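Student: I'd like a close look at the open space in this protein, starting with what lines it. Could you then follow the chain outward from there, in one connected account?

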Amino acid sequence: MAEHLQGIVGEDRVISDRVSLLCYSSDMSPFTYTPDVVVFPKSTDDVVEIVKYANENKIPIVPRGAGTSVIGAILPRRGGIIIDFTRMNKVKEVRPNDLVAIVEPGIVLDRLNAELAKYGFFFPPDPASSPACTIGGMVNTNASGVRAAKYGTTRNWVLGLEVVLANGEVLRTGWPVIKQSTGYDLTQLFIGSEGTLGVVTEVLLKLAPIPRYRMTITMSFDQLSQAGKAVTEILLSGVRPAAMELLDKLCLDVVNDVFKLGLPSREGFIVMELDGTEGSVKDELRRVEEVAKKMGAKDFNWTDDPKESLKLWTARKALVPSLAKIKEGYVLIPLAEDPCVPISEIEGAIKDFQSIAAKYGIISPTFGHAADGNLHPTMIIDPTNPEEWNKMLKMEREIFDVVLKRRGALSAEHGIGISKIPFAREALGRGLDLMRSLKKALDPNGILNPGKMGLDVETRDDPDNFFYAYLSRLKGEFQALKRAYESIRCFRCGFCRAVCPTFSYFTVESRGARGRVILSYYFLTNKVEASESLRQAYDLCTVCGHCMQVCPPGIKIVDIIEHMRRDLAEKGYINPVHKALGENILKYGNIYGLENAPRGELAKELGGA
Ligand SMILES: Cc1cc2nc3c(=O)[nH]c(=O)nc-3n(C[C@H](O)[C@H](O)[C@H](O)COP(=O)(O)OP(=O)(O)OC[C@H]3O[C@@H](n4cnc5c(N)ncnc54)[C@H](O)[C@@H]3O)c2cc1C
Ligand code: SF4
Ligand code: SF4
């Protein structure tokens, strides 16, 4: 398979060695599946040839952006080929007069917005993973974020797509126009399809002008449900916040600690953004303040200083990965992490989630993009404790019961992937059968991202495999366990991809911080053994530490790398140059291996005076 793909894209754009492949076997979900090969296309033609080959040979394909999926959507459940779009990352064209841009799917959202800012525009959907996530991934999960209440989700900002279908045919959908009524909206069909209907190779985006004035408001409450009620009341007052986020005390304390924000610590906290003209924003501010007072808000504050605002929103974006700091040895397991309820149900849903968490005694911070009813009830457990796993699975069931009873959606922005498959039938009903018919029509051989969304299977593997099964092997080995815990604090957020020089150069995960952290976990838990290939992954690291500056949970990545280098050296895997230098020093007292070379002669030999 690898050889055939090398024939299509070239030798340097296919990886098939076990160590490199393992770096693609995990996302933020608790599942793990390893591909047989990863291929990096550079053009639509490359993708067409890869897909044709896979279809003819019935080989599964999983398209991949930055791998920040939370739900197992990028994991190759049936093995096969991962098509990684990291190298198809250009902004092809910006047309300011039409308010549109044409981009390749691998463009990273923050990079796109930096480019668009030069023209005075931005692409509004704003997931917290924006330093890493790609437009291809956003299109396929219908991603959104803090700005969804005012600006909508990705599907509101995509006008057209170029898609390679399962048989290798290239389909173009949509037009660069504001509205159209020209047949079925095929663009929308592919949005949120998690790579199960086609492989996106180009995206036509609608753009928005950057607002002239922005303001960030913060307020806190003595009860979380009070904050939930305030969200509903603010929305009902006619204010249209560009963003409105709700955090409980656990979340607030974590970001306060990581980002030194100095915010008062109360049970409920709201941070919101208003945008528009200065006049319109200040008018909305008055209305927000009125409602806030009525609802018993404390510590009401606002700022229009861009630096202050950026600090608050950066902290909010890093909240999820920062939660890894809540308790040593505990991990956040994203199951039932992304429901959406009608806005009138926000307060009630929050109360229900809190009583479920209290009943089971599981650490469960709640936060969310509250302005659109999207809550994130998270569960943080000791992954080596089977009792906590059992409780968490019961909580998952009960959280979804609350959501369905309150006429909510299983997922607002992350998708179904593998994680939510057991609940897909209940949520979608007959709709799931129609989805299956569409899938069959477009992908009769079932090669496109199989095993996802409940399209071909309604069960998932035990979610405790990745952590419990592996960590149990280390019982009693205190040092190894401690190091493994440090590795599993990695949320796969991919923020380190943007700053790691070796990743930028090679663009494969085993040459980046995230891959190195994943490999250390597998090494410590005996899933991968010492090898030359593993040594190279660590050897190429420049130990620059840039990754640690952007890593929200503050993982000691350089320590992980140093430990791995030492372990591998002890097992005889050492850089040949370093080895030779070390041997020379030991044997001859100099690095050059010159027998008893007096300093003067040595200097002459090296061309000195
Ligand atoms: C710390 C953190 C915070 C997050 N916050 C948010 C948030 O606020 N809002 C939100 O919506 N999500 C959030 N997410 C989830 C995730 O970042 C989004 O789903 C994002 O859109 C995924 O982008 P990606 O490039 O990483 O895609 P990937 O994870 O690589 O892929 C996602 C899905 O898209 C498919 N896909 C990718 N590229 C293509 C393509 N070219 N053609 C066809 N299918 C493709 C994949 O097969 C997969 O099914 C967060 C994740 C993390 C780790
Ligand atoms: S320390 Fe290593 S892994 Fe981290 S950014 Fe530098 S080269 Fe990358
Ligand atoms: S190492 Fe840190 S920055 Fe990199 S993916 Fe893991 S958590 Fe994110």
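Tutor: Happy to. Let's begin with the largest pocket, whose lining draws at least two residues from each of helix H4 (109-117), strand S7 (121-122), strand S12 (213-221), helix H9 (249-259), H11 and helix H22 (546-550). Please keep in mind that this is a predicted model. H11 makes the largest contribution to the lining of the largest pocket, with six residues. The volume of the largest pocket is about 890 Å³, and 36 residues line it. Those lying nearest its centre are Arg 147, Leu 310, Trp 313, Thr 314 and Lys 317.

The enclosed space comes next. Rolling a probe the size of a water molecule over the atoms shows where empty space is left. Here the search returns five cavities of 30 Å³ or more, and the largest cavity has a volume of about 830 Å³. Its lining consists of 48 residues, with Thr 68, Ser 69, Val 70, Ser 129 and His 414 nearest the centre. Two or more lining residues come from each of strand S3 (61-64), helix H5 (135-141), helix H11 (306-317), helix H12 (319-322) and strand S17 (366-369). H5 gives the most, five residues. Helix H11 therefore appears in both linings: in that of the largest pocket and in that of the largest cavity.

From S12 and H9, two of the elements lining the largest pocket, we can move to a salt bridge. Asp 222 pairs with Arg 266, with 3.4 Å between the closest N and O atoms. Asp 222 sits in the loop between S12 and helix H8 (224-236), while Arg 266 sits in the loop between H9 and strand S14 (268-276), so this pair links distant parts of the chain, 44 residues apart. Both partners are partly exposed, Asp 222 at a relative accessible area of 37% and Arg 266 at 24%.

That bridge belongs to a total of 44 salt bridges found in the whole structure. Another joins Arg 406 to Glu 345, with the closest N and O atoms 2.5 Å apart. Arg 406 is in the loop between helix H14 (386-405) and helix H15 (421-428), and Glu 345 is in the loop between strand S16 (331-333) and helix H13 (346-360), so the bridge ties together parts that are 61 residues apart in sequence. Here the partners are buried: Arg 406 has a relative accessible area of 17%, and Glu 345 has 13%.

A local pair is found in H14. Arg 397 and Asp 401 both lie in that helix, four residues apart, or about one turn, and their closest N and O atoms are 2.7 Å apart in a salt bridge. Arg 397 is partly exposed at 28%, and Asp 401 is partly exposed at 36%. Salt bridges also form a network that links Arg 64, Asp 84, Arg 497, Glu 509 and Arg 514.

Now for a charged residue without such a partner. Lys 452, in the loop between helix H16 (430-442) and helix H17 (465-472), is buried yet has no salt bridge. The nearest side chain of opposite charge, that of Glu 194, is 7.0 Å away; a salt bridge needs the atoms within 4 Å. The side chain of Lys 452 does have backbone oxygens in reach: that of Leu 75 at 2.6 Å and that of Ala 73 at 3.1 Å. Beyond its neighbours up to four places away in sequence, Lys 452 touches residues including Gly 72, Arg 77, Thr 196, Gly 417 and Ile 421.

The loop between H16 and H17 also holds Asn 449 and Met 453, which have backbone angles to check. Most residues other than glycine have a negative phi, and most peptide bonds are trans. Asn 449 has a positive phi near 45°, and Met 453 has a positive phi near 60°. Asn 449 is buried at 2% relative accessible area, and Met 453 is buried at 7%.

One last stop is Ser 520 in helix H20 (residues 513-524). Ser 520 is buried at 2% relative accessibility, and its side chain makes a polar contact of 2.7 Å with that of Ser 487. Setting aside neighbours within four places in sequence, Ser 520 is in contact with Ser 487, Tyr 538, Ile 560 and Met 564.

Definitions and conventions:
Residues numbered from 1 in each chain as written. Chains lettered and ligands numbered in written order. Predicted model: local features only at pLDDT ≥ 70, side-chain atom pairs only at ≥ 80, totals over all residues. Heavy atoms only, no water. Buried < 20%, exposed > 50% of the residue type's maximum accessible area, 1.4 Å probe, protein only. Lys, Arg positive; Asp, Glu negative; His and termini not counted. Polar contact = N/O pair within 3.5 Å; in protein donor to acceptor, adjacent residues only side chain to side chain. Contact = heavy atoms within 4.5 Å. 1 Å grid on protein atoms, 1.4 Å probe; cavity = no way out; pocket = protein on both sides within 12 Å on 5 of 7 lines; lining within 4 Å. Points joined across faces, edges and corners; volume = space filled by probe spheres on them.
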